[in-house]
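Dear colleague,

Please find below the structure that I am handing over to you. A short account of what was found in it follows directly after.

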Amino acid sequence: MAEIIKLAKQKYYNNLLTKSTNKTKTTWNIINENINKRHGRQDISSININGVITQNNQVIANTFNSVRNYLCNILKQPLPLDKLKFVSPEEIENVAKSLKAKESHGYDEIPTKVIKQSTAYISSPLAYICNLMLSSGIFPTRLKFAEIKPLYKKGERMDITNYRPISLLPAFSKIFEKIIFRRLIQHFDCNEILANEQFGFRRKSSTELASFNLINDILMALNNKLLVGGIFCDLRKAFDCVDHEILLAKMYQYGIIGKSHKLITSYLENRSQRVIITSKSKPYYSEWEPIKQGVPQGSVLSPLLFIIYINDLPQTINPLANLVLFADDTSMIVKSTDPMDFNNTIQRNIINADRWFKTNSLSLNTDKTHLLQFHTKSDQIKDLQVYYCNE
């Protein structure tokens, strides 16, 4: 019961602060409410503490301090997100308009271009179906079928590992996913859950900002005459290796509970895919196969789900190194004044990162993971060697 009351108070106070235009004043109003301060009095001669009137000035001062710290602490904790807010036909229209007018389509052969043109006629039934999804916590089954087109990245074309599997999902799935995305990202942003080291797929962030932070960190260290090394990690098929059970456990830890958690579970489970290969303008299809792990590349929700999945990685790396993440691209900057400590710290970082990846069902590609020392012309260059953990 005490925990329920605490969560209710936390939600009430958080709503007050969220809607407030003067958060400092609102914070003190909350404090005054908790200690039953009389309005209009400048001197505090007595207060009510849990039903007991005290005039001890030291106790009064300590109470003010403890109440303020208590409020700050509970407001920093992620509020449980049990249910996702319903959608209106107007929001459906806005989401549909935000989609790119493409001719490409999923297995249903309905391109986004057609949906954008008919939004005014289908927004109401779509809102009804979407609200059924939000209230029941069940993602529509027919929207969980993906056609996979292998996209060549680089390297030997004969090597199947050099192709990225891009998922072509039904256009209606993108609308439903955007609705879920908006509600989830609001929860994670309001509660400041996502790590500051993550620059990928976030508002007011970009590859340029990630590069600036990385380069600035290196230059500042060189200006301070420090040894500087960079560990640039490459993961094998990161999006495809996401463990659903681990992801759902982490989302629960971040406050995604109840119907919200049920909906993400439904979104991930019982998905199917088939591969489409085109040769001489003729398509060839594989059989439909179930997907038991991973998040579909090319979907709206997948980038958010992945950065949630690796959100606790910085806790493993800090403070041994400064981390810059852009989705699955992981860069670690190690600095030291001592050559021996410099080499040891690099080794500990790569071992810690490798262990974290393995614990979370991800695989570090040692062939494409690079180690670099940054230096000026007059700096000492170390012969850096890294040994990977084989546990």
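**Aromatic pairs, salt bridges and a surface patch**

F145 has a relative accessibility of 17% and therefore counts as buried, since the cut-off for that word is under 20%. Please note that the model is predicted.

F145 has an aromatic partner in Y107: the two rings form a tilted pair, 5.6 Å centre to centre, with 55° between the planes. Y107 belongs to the loop between α4 (89–98) and α5 (112–117), and F145 to strand β3 (residues 145–152), so their pairing ties together parts that are 38 residues apart in sequence. In contrast to its buried partner, Y107 is partly exposed, at a relative accessible area of 21%. Y107 and F145 also form one aromatic cluster with W288. In addition, the charged end of R142 sits over the ring of F145, 4.8 Å from the ring's centre.

A further aromatic pair consists of F188 and Y254, which meet edge-to-face at 6.0 Å centre to centre, with 75° between the planes. Here F188 comes from helix α7 (residues 171–190) and Y254 from the loop between α9 (244–253) and α10 (258–268), 66 residues apart. Both F188 and Y254 are buried. In total, 10 aromatic pairs were counted. Elsewhere, R271 lies over the face of Y267, at 4.5 Å from the ring centre.

I turn now to the salt bridges, of which there are eight. E91 forms one with R182, where the closest N and O atoms are 3.3 Å apart. Because E91 lies in helix α4 and R182 in helix α7, this bridge ties together parts that are 91 residues apart in sequence. R183 likewise forms a salt bridge with E91, with the closest N and O atoms 2.9 Å apart. E91, R182 and R183 are thus linked in a network of salt bridges. Within this network, R183 and E91 are buried, whereas R182 is partly exposed, with a relative accessible area of 36%.

Another salt bridge joins D189 and R203, with 3.0 Å between the closest N and O atoms. D189 is in helix α7 and R203 in the loop between α7 and α8 (207–223), so the bridge ties together parts 14 residues apart in sequence. D189 counts as partly exposed at 28% relative accessibility, while R203, at 67%, counts as exposed.

Finally, the surface carries a nonpolar patch formed by Y128, I129 and L132, with about 310 Å² of accessible area together. Of these residues, L132 lies in helix α6 (residues 119–136) and is partly exposed, at 43% relative accessibility.

With kind regards

Conventions. Residues are numbered from 1 along each chain as its sequence is written. This is a predicted model: local features need pLDDT of at least 70, side-chain atom pairs count only at pLDDT 80 or more; totals for chains, interfaces and linings use all residues. Side-chain values use heavy atoms; hydrogens and water are left out. Patches are made of residues with over 30% relative accessible area and no salt bridge: like charges are joined within 9 Å, nonpolar side chains (Val, Leu, Ile, Met, Phe, Trp, Tyr) within 5 Å. Accessible areas come from the Shrake-Rupley method with a 1.4 Å probe; for residues, only the protein chains shown count as cover. A salt bridge is a side-chain nitrogen of Lys or Arg within 4 Å of a carboxyl oxygen of Asp or Glu. Helices (H or I, at least four residues) and strands (E, at least two) are DSSP runs, numbered from the N terminus. Buried means under 20% relative accessible area, exposed over 50%, partly exposed in between (1.4 Å probe, protein chains only). Rings of Phe, Tyr and Trp (its six-membered ring) pair if their centres lie within 6.5 Å; planes under 30 degrees apart count as stacked, over 60 as edge-to-face and the rest as tilted. A charge sits over a ring if NZ of Lys or CZ of Arg is within 6 Å of the ring centre and within 35 degrees of the ring normal.
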